[in-house]
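Hi,

Here is the structure I said I would pass on. Have a look at it first, and then read my notes below.

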Amino acid sequence: MTATATRVGARHQQSFDIQAYLADRTGAVNAALDRFLPRATARPATIHKAMRYSLFAGGKRLRPALCLAAAEACGGSVDDAMPLACSVECIHTYSLIHDDLPAMDNDDYRRGKLTNHKIFGDGIAILAGDALLTQAFEIAARCNGWPRYPHQAILLELTHAAGSGQLIAGQVADLEGEGKKISAAQLKYIHERKTSALLCCSARLGGMSANATRAQLQALTDFGYHVGLAFQIIDDILDITQTSEQLGKTAGKDTQAQKATYPTIVGMEKSKRIAQRLTHCAFDALKIFRGKAVALEALAAYLLQRDR
Ligand code: GRG
């Protein structure tokens, strides 16, 4: 399938092979992650095997792709952005390992394979998540920083997105909302933190690695925020419409856990319209790049149309 980054009224109608782009970036990200992570044989081997098991289980690498594409939109390089792209993927993978634990979502499958705790046990899975989170900061800490974004700004960006005000806040609200009737506003609060914060951080870090101007960084923030919200709505829709085989994880989990989602609160059709509107907001945020953000535009279009 070739998704094209075209839309009615776009000033720059572009055709872009997003599948080829993602395949290329995934290869480069996987090679970089392999270099950054301790070898599977490094002592204690169990933890390094467990970290690598989930990290290389076949994730779509969307956050690294956003980071790299944001860097390119700002005139930066893939090489400069790569450590930050890998850092974000380590945080994302840690959150999935912990989310799958029996004490959280209790899932058996992730990325088309048995979940980390199913292979290594709960204790090692918790530690593999912890170790990936720590690894993310080590990778980022090795960057020198950029004139507008010193070392400290980069680390603060990651701590903000991964911390108790964003990623963890979203998960807390998600856990506390299970089985309860929650409003659309409360659901948006969860999505902003659980999902949008890390996607937005990915785009922003790409911009920072390119020494983005204040206006460029604001544009990437708007873009990442809206793409992140659309991403979670599509995820909720796919949980209902796709099979476990298609998703590589257990389908229908939200219904089973009596989780509030956009489809359950506003209905399927309205959810699709909201995701489209959010994606258009994301496109609008890219105008400042005057045609240099084709990869970001194609990624946003792909995230809206994706089937897994
Ligand atoms: C901190 C204890 C602790 C847990 C954190 C925040 C969190 C747990 C988990 C969040 C997991 C989750 C379901 C987040 C929502 C975002 C989402 C839909 C993730 C799936 O992302 P994809 O589709 O996955 O990009 P792949 O596997 O392709 O990388």
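Which residue follows helix 3, and is its phi positive or negative? The residue after helix 3 is G75, and its phi is positive, near 85°. Before you read on, please keep in mind that this is a predicted model.

**Helix 3**

Let's stay with helix 3 for a moment. Its twelve residues should span 16 Å at 1.5 Å a residue, and the C-alpha atoms at its two ends are indeed 16 Å apart, so the expected and actual values agree. The helix is largely enclosed by the rest of the structure, because eleven of its twelve residues are buried. If you want to click through them, they are L62, R63, P64, A65, L66, C67, L68, A69, A70, A71 and A73. As for what lies over these buried residues, the cover includes helix 1, helix 4, helix 9, helix 10 and helix 15.

**Around the ligand**

Helix 3 also leads us to the ligand, since it is one of the elements that give two or more residues to the shell there. The others are helix 4 (78–100), helix 8 (167–177), helix 9 (184–209) and helix 10. Which of these gives the most? That is helix 4, with six residues.

There are 20 residues around the ligand, and K60, R63, H92, Y94 and R111 come nearest. Three of these five are worth zooming in on, each for a short distance to a ligand oxygen:

- R63 has a polar side-chain atom 2.8 Å from an oxygen atom of the ligand.
- For H92, the distance from a polar side-chain atom to a ligand oxygen is 2.7 Å.
- In R111, an N or O atom of the side chain is 2.7 Å from an oxygen atom of the ligand.

How much of the ligand does the protein cover? On its own the ligand has 740 Å² of accessible area, and the protein covers 90% of it. Sorted by class, the shell holds seven nonpolar, seven polar and six charged residues.**Helix 15**

Helix 15 (residues 294–305) makes a nice companion to helix 3, as it is part of the cover over helix 3's buried residues. With twelve residues at 1.5 Å each, helix 15 should span 16 Å, and its end C-alpha atoms are 16 Å apart, which agrees. Is helix 15 mostly covered or mostly open? It is mostly covered, with nine of its twelve residues buried. Those residues are A295, L296, E297, A298, L299, A300, A301, Y302 and L303. Their cover includes helix 1 (18–36), helix 3 (62–73), helix 10 (214–241) and helix 14 (268–285).

**A few single residues**

I also picked out some individual positions.

Start with D174, which sits in helix 8. Is D174 buried or exposed? Its relative accessibility is 9%, so it counts as buried, the cut-off being under 20%. The side chain of D174 makes a polar contact of 3.0 Å with the side chain of K259. Leaving out residues up to four places away in sequence, D174 touches I190, K194 and K259.

Next is R193, found in helix 9. R193 has a relative accessible area of 17% and is buried. A polar atom of the R193 side chain lies 3.5 Å from the backbone oxygen of G165. G165 also turns up among the residues that R193 touches, along with Q166, L167, A169 and G170, again not counting residues up to four places away in sequence.

A203 is in helix 9 too. A203 has a relative accessible area of 0%, so it is buried. What does A203 touch, leaving aside its neighbours within four places in sequence? The residues in contact with A203 are L66, A70 and L220. Two of those names, L66 and A70, appear in the list of buried residues of helix 3. You can also check A203 against L217: the two are 14 residues apart along the chain, and their C-alpha atoms are separated by 8.7 Å.

Last comes G123, in helix 6 (residues 122–141). G123 is partly exposed, with a relative accessible area of 44%. Its C-alpha atom is 9.9 Å from that of L101, and the pair are 22 residues apart along the chain.

**Where to look first**

If you only have a few minutes, I would start at the ligand with R63, H92 and R111, which are among the residues that come nearest. From R63 you can move along helix 3, where R63 is one of the buried residues, and then on to helix 15, which is part of the cover there.

Cheers

Notes:
Residues numbered from 1 in each chain as written. Predicted model: local features only at pLDDT ≥ 70, side-chain atom pairs only at ≥ 80, totals over all residues. Heavy atoms only, no water. Helix = DSSP H or I, 4+ residues; strand = E, 2+ residues; numbered from the N terminus. Expected span 1.5 Å × (residues − 1). Buried < 20%, exposed > 50% of the residue type's maximum accessible area, 1.4 Å probe, protein only. Contact = heavy atoms within 4.5 Å. Near = heavy atom within 4 Å. Polar contact = N/O pair within 3.5 Å; in protein donor to acceptor, adjacent residues only side chain to side chain. Areas by Shrake-Rupley, 256 points an atom, 1.4 Å probe, with all protein chains shown as cover. Nonpolar A, V, L, I, M, F, W, Y, C, P; charged D, E, K, R; others polar.
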